[in-house]
Structures are given as structure tokens and as C-alpha cells.
Amino acid sequence: MKKEPVILVVEDDSTSRDVINHFLKKLYDVSFAEDGEKALKYLGDKQFDLVIMDINLGSGINGIEVTERIRKTGGYESIPIIAATAFAMLGDREKFLSNGFDHYISKPYLKTQLVKLLSDIFNKN
């Protein structure tokens, strides 16, 4: 039996965490970190297959900095990382992709959009 992929969601907004949990809880093994420091700590606790990273994490380090640190963590150099953000200005997608992210999804997104993106990523591997 194939194990379900393990996903780390880094999101500072509790409502967004609840929505993502509702979208994904029956499909994936999902863990949540409400800030960048917790996300980096969790990397040592569990092996994740993918990270969904909010860009604006409030106070502390932002999603781009967390992603840079994840990329320097053993075993996480090539893990898929999705930038999930309300920043939807022209050129933002390219900026995030050039900063170590593999994919980009703009908030607010629908369940179908997120599930399709994850399905495409996991079915490609």
C-alpha cells in the first residue's frame, strides 16, 4: 500500500489553516506551522514530501527566507515548495519561482485548484 504524501503547511492565519486542513485532511497527512521558526523546527521532527509556504508570515522571517533555509537543510534540497500568497501582482510568480519555489498558487484559491496542483506534483514524481 502506497503511503499518503506528508505535507507541511506554513501559514500564520488560523482561518487559512482551517480551510487548507478542510481541503486536504482526507487526501494527505498534513502538518501545520504558524511561523517560519516552527516550520524549520518541524523539518527535524518529520520527513515532509512537500511544503506549502505562505509568503507573508507576519512578524519574524518571511516565506522566502524560510524557503532559502529549507533548501539548505539536508534531505530538503529538492522538495517541492509551493508559494501560496495573496501577492498576485504581475511578475510575482516569476519572482517566487526564482527564489527557490517550485510552484505558485494565488490566494484565495479554490479546493479544486489546490488539489489539482498537488495531484500534478505527486503524480509527476
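**View A. D29 and K46 pair up at partly exposed positions.** In this predicted model, D29 is partly exposed, with a relative accessible area of 27%. K46 counts as partly exposed too, at 32% relative accessibility. The two form a salt bridge, with their closest N and O atoms 3.4 Å apart. D29 lies in strand β2 (residues 29-33), and K46 lies in the loop between α2 (36-45) and β3 (50-54), so the contact ties together parts that are 17 residues apart in sequence.

**View B. E11 and K107 join two loops.** The structure holds 9 salt bridges. In one of them, the side chains of E11 and K107 meet at 2.6 Å, N to O. E11 sits in the loop between β1 (6-10) and α1 (14-24), while K107 sits in the loop between β5 (103-106) and α5 (111-124), so this pair ties together parts that are 96 residues apart in sequence. E11 is buried, and its relative accessible area is 3%. Because buried means under 20% relative accessible area, E11 falls within that class. The pair also belongs to a network of salt bridges linking E11, D54 and K107.

**View C. A cis peptide bond joins K107 and P108.** Omega is about -10 degrees at this bond. P108 is found in the loop between β5 and α5. K107 lies in that loop as well, and its side chain meets E11 in the salt bridge of view B.

**View D. K116 and D120 form a salt bridge within helix α5.** Their side chains meet at 2.7 Å, N to O. Both residues lie in α5, 4 residues apart, which is about one turn of the helix. D120 is partly exposed, with a relative accessible area of 40%.

**View E. F96, F101 and Y104 form an aromatic cluster.** A search of the whole structure finds 3 aromatic pairs. A pair of rings is described by the distance of the centres and the angle of the planes. For F96 and F101, the ring centres are 6.1 Å apart and the planes stand at 80 degrees, so the pair is edge-to-face. F96 and Y104 have ring centres 5.8 Å apart and planes at 15 degrees, so this pair is stacked. These ring pairs link the three residues into a cluster. F96 is buried, with a relative accessible area of 0%. F101 counts as buried at 3%. Y104 is buried at 17%.

**View F. The largest nonpolar core holds 23 residues.** Nonpolar side chains tend to be buried together in soluble globular proteins. Here, L8, V10, V51, M53, V66, I70 and F101 touch the most other members of the core. Two or more residues come from each of β1, α2, β3, α3 (63-71) and β4 (81-85). Apart from this core lies another, of 19 residues, among them F23, L50, L114 and I121.

**View G. V66 and its contacts.** V66 touches G36, A39, L40, M53, L57 and I61, not counting residues up to four places away in sequence. Both V66 and M53 are among the core members that touch the most others.

**View H. Five strands form an open parallel sheet.** The strand order is β2-β1-β3-β4-β5. The edge strands are β2 and β5, each pairing on one side only. From one strand to the next, the twist averages 20 degrees. Strands of a sheet pair through backbone hydrogen bonds, either parallel or antiparallel. In this sheet the pairing is parallel.

**View I. β1 runs parallel to β3.** The two strands are joined by 4 bridges. V9 stands opposite I52 in β3. Both strands give two or more residues to the largest nonpolar core.

**View J. Helices α2 and α3 lie across strands of the sheet.** α2 lies across β1 and β2, and runs at about 160 degrees to β1. α3 lies across β3 and β4, and runs at about 155 degrees to β3. Each of these two helices also gives two or more residues to the largest nonpolar core.

Technical notes: Residues numbered from 1 in each chain as written. Predicted model: local features only at pLDDT ≥ 70, side-chain atom pairs only at ≥ 80, totals over all residues. Heavy atoms only, no water. Salt bridge = Lys/Arg side-chain N within 4 Å of Asp/Glu carboxyl O. Buried < 20%, exposed > 50% of the residue type's maximum accessible area, 1.4 Å probe, protein only. Phe/Tyr/Trp six-rings, centres within 6.5 Å; stacked < 30°, edge-to-face > 60°. Core = buried A, V, L, I, M, F, W, Y, C linked by side-chain atoms within 4.5 Å. Contact = heavy atoms within 4.5 Å. Pairing = 2+ DSSP bridges. Axes fitted to C-alpha atoms, helices over the stretch in contact; angles between N-to-C directions.
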